[in-house]
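Trainee: Could you pick one part of this model and take me through it closely? I'd like to end up with a picture I can follow on the screen.

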Amino acid sequence: MEFQAIVDRLRALNAPGIVEVDEPRAPDKETKDKGRSGRPFVMIEPASLVDILHLCRDDERLQMEVLIDITASDPAVDDANLWILVELLSVKHRHRLALKALLPKANPVLPSATAIYRAAQWHERECAEMYGVTFEGHPDPRNILLPDDWVGHPMRKDYEFPTEYHGISCE
Amino acid sequence: MTDLKQQHTPSIQPSSEEERILPSGEREFFFDVSTSDLEINMGPQHPATHGVMRVLLRTDGELVTGAQPHLGYLHRCAEKIGENVEWLQYLPYTDRYDYLSAMNNNLGYSLAVESLMPELEIPRRATLIRTICAELNRIASALIAYGTYGLDIGAFTPFFYAFREREWIQALFEKICGARLTYSFIRIGGVFNDAPPGWLKEVGMFCDVFEEKWREYYDLLVENHLFVMRTKDIGIISEEMAYDFGLTGPMLRGSGVDFDLRRDMPYMDYKEIWDAGVYQIPLGRGEKGTTGDCWDRFYVRVQEMMESIKIVRYCLEVIEAGPVIGDVPKVIKVPPGEGYVGIENPRGELGHYVHSDGGKIAVRCRVRAPSFVNLAVLEDLMPGTLLADSVAIIGSTDIVVGETDR
């Protein structure tokens, strides 16, 4: 299915928490809009992420069996939100869907998707240590790439680089 | 799993003093034997983990009751670096996640950045040289997978045969870009330079020789009775399990799922090549044991080498003279936007999510590494197998630790 057909299907299924569809647009000189290239996203409410994933996996016409990626992005230091980015793939119907949710930095809590896709387990662990997102209901919320005693969330834009680690100077 | 463990837990604790006297009148001695599981660290420096990775194995005698991969020993902050250097400066870092298929990594990153630059046109000769290099690199990578899997199992000879042809591929890459392992050859907008005179002809010669040599690989290892006995019917990944863990690439096709990004979500000129009927998608069919076992995954990789040769041959036929890089400035400014491009790497789907605000530096450069995702399946695959099979199972996932840790 094409992107628009997927969105229509989601709307027809009354998928909860769809905010808007974020599509690429051409630059416009009159309004000084720089435009946006790339690919379309479905913007959703972070709280309804798990419900939408359930729908996407179980609906016959969407049938997205594979969770490709869950990650976050910190657009700017002064931005109040983190972006949660989810990438789904349907092997049977050969289509993809990208979801995006804005998660407030003040309280970055998200329900875990591990019950729907086991693949989410490691992605969420990485996302949690790098961005400080808490995944509620994650069965194994340890650090995955960083040491267990690492302080801070390195992929945040306001992260301050440590000057030493266990007595080893890194300056 | 709990059933298996209960069966294997010996109970030799005497209940009372009388039981210590046998019917013959002899006195039997009991020792206070601890029967708890033994935890073994496999790695970080273990030849079968293919790099610095540690698998914490819990064993009950010869039986593995649990496995927990511990990563991060090779973490080099690739994504953070991506947010701090210019678009083109990041390219050499892409070489270093999956260092066995650096051409494919360059390609994945370049395609992702190009997806944000709709006005940039890639010349056809550049696309074909990209395809040739990516497929040759896929063969080189599969040769390592073939050779080292043999080593894991205990077959030393195939490794040296595999390196013989890999050496030629590296020599070819050295001729076109000067590097043997970390190429940075496929650039944003095309490729770094044109093929030197006679290079394409030599690639054709390589294809001729490789087709003969492939038969040797097949005879040496694929049908080898000892090898088949060691790898069939273990580490079985069912179709549902493969979906659940998000496996891609040969790990998914080994379970009999007919999915290849080159055909099903074509990028570059793969659609044209597929329409020309050039290549097939090899699948695991359970020829030796069960569909989705270690042998199936291994054989998918071995067959893919020959498919890549066919693609290279097709490209050599249709390639014509022309420019090899599009109109790209020295300092690249990417228009604002965000995109994700996944390509079929030798180990699965390599995805790049790139986000630009219109400047010289990325806002976010996410790498979805196939080895990282494929490795997670070990936690479910290992329990219940024998310790001797654990090496065969880890080897069959064909991970590169540079990519799991990034």
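**From a loop to the shared sheet**

Mentor: Let's start at a single residue: Asp233(B) is partly exposed, with 15 other C-beta atoms within 10 Å. Keep in mind as we go that this is a predicted model. You'll find Asp233(B) in the loop between helix H8 (225-231) and H9 of chain B. Its phi is near 60°, a positive value in a residue other than glycine. That's worth a glance, because most residues other than glycine have a negative phi.

Follow the chain on from that loop into helix H9 (239-244), and you reach one of the elements that supply at least two residues each to the side of chain B that touches chain A. Helix H2 (78-82), E8, E9, E10 and helix H14 (370-375) of chain B are the others in that group. In total, 36 residues of chain B are in contact with 30 residues of chain A. Which element gives the most to the side of chain B that touches chain A? That's E8(B), with 5 residues. Sorted by class, this side of chain B has 16 nonpolar, 10 polar and 10 charged residues.

Now stay with E8(B), since the sheet we want runs through it. Four strands form an open sheet here, in the order E2(A)-E8(B)-E9(B)-E10(B), with mixed pairing. Strand E2 (37-38) of chain A and strand E10 (364-368) of chain B stand at the edges with a single partner strand each, so one side of each has no neighbour in the sheet. As a reminder, strands of a sheet pair through backbone hydrogen bonds, either parallel or antiparallel.

You can see where the mixed pairing shows up by going along the order. At the chain A end, 2 bridges join E2(A) to E8(B), and these strands run parallel. Look for Ser37(A), which stands opposite Gly337(B) in E8(B). One step further in, strand E8 (residues 337-345) and strand E9 (residues 348-356) of chain B run antiparallel and are joined by 9 bridges. There, Asn345(B) has Gly348(B) of E9(B) as its bridge partner.

Next, look at what lies against this sheet. Helix H4 (residues 102-114) of chain B packs on it, touching E8 and E9 of chain B, and its direction makes about 150° with that of E8(B). H4(B) has 13 residues and reaches 18 Å from its first C-alpha to its last, close to the 18 Å expected at 1.5 Å a residue. Is H4(B) buried or exposed? In H4(B), 13 of the 13 residues are buried, so the helix is largely enclosed by the rest of the structure.

While you're in chain B, there's a helix pair to look at. Helix H5 (residues 124-153) and helix H16 (residues 387-397) of chain B pack at an angle of about 175°, with their axes 9 Å apart. H5(B) and H16(B) are therefore roughly antiparallel to each other. On the H5(B) side the contact is made by Thr148(B), Tyr149(B), Asp152(B) and Ile153(B), and on the H16(B) side by Val391(B), Ala392(B), Gly395(B) and Ser396(B). Those contact residues divide into 4 nonpolar, 3 polar and 1 charged.

Now cross over to chain A, the partner that brings E2(A) into the sheet. Chain A has 3 helices and 10 strands, and its C-alpha trace spans about 55 × 50 × 25 Å along its principal axes. Of its 171 residues, 40% count as buried. Strand E5 (81-90) of chain A is mostly covered, with 9 of its 10 residues buried.

E5(A) has antiparallel partners. Strand E4 (residues 66-73) of chain A joins E5(A) through 7 bridges, and Val66(A) stands opposite Leu89(A). E6(A) joins E5(A) through 10 bridges, and there Leu89(A) has Arg96(A) as its bridge partner.

That hairpin of E5(A) and E6(A) takes us back to the kind of feature we started with. It has 4 residues between the strands, and Arg94(A) takes a positive phi near 55°. Arg94(A) is partly exposed, with 13 other C-beta atoms within 10 Å. Put Arg94(A) and Asp233(B) up on the screen in turn: each has a positive phi in a residue other than glycine.

Notes: Residues numbered from 1 in each chain as written. Chains lettered and ligands numbered in written order. Predicted model: local features only at pLDDT ≥ 70, side-chain atom pairs only at ≥ 80, totals over all residues. Pairing = 2+ DSSP bridges. Contact = placed C-beta atoms within 7 Å. Axes fitted to C-alpha atoms, helices over the stretch in contact; angles between N-to-C directions. Parallel < 35°, antiparallel > 145°, perpendicular 65-115°, else oblique. Nonpolar A, V, L, I, M, F, W, Y, C, P; charged D, E, K, R; others polar. Expected span 1.5 Å × (residues − 1). Buried ≥ 20, exposed ≤ 12 C-beta atoms within 10 Å, placed from the backbone.
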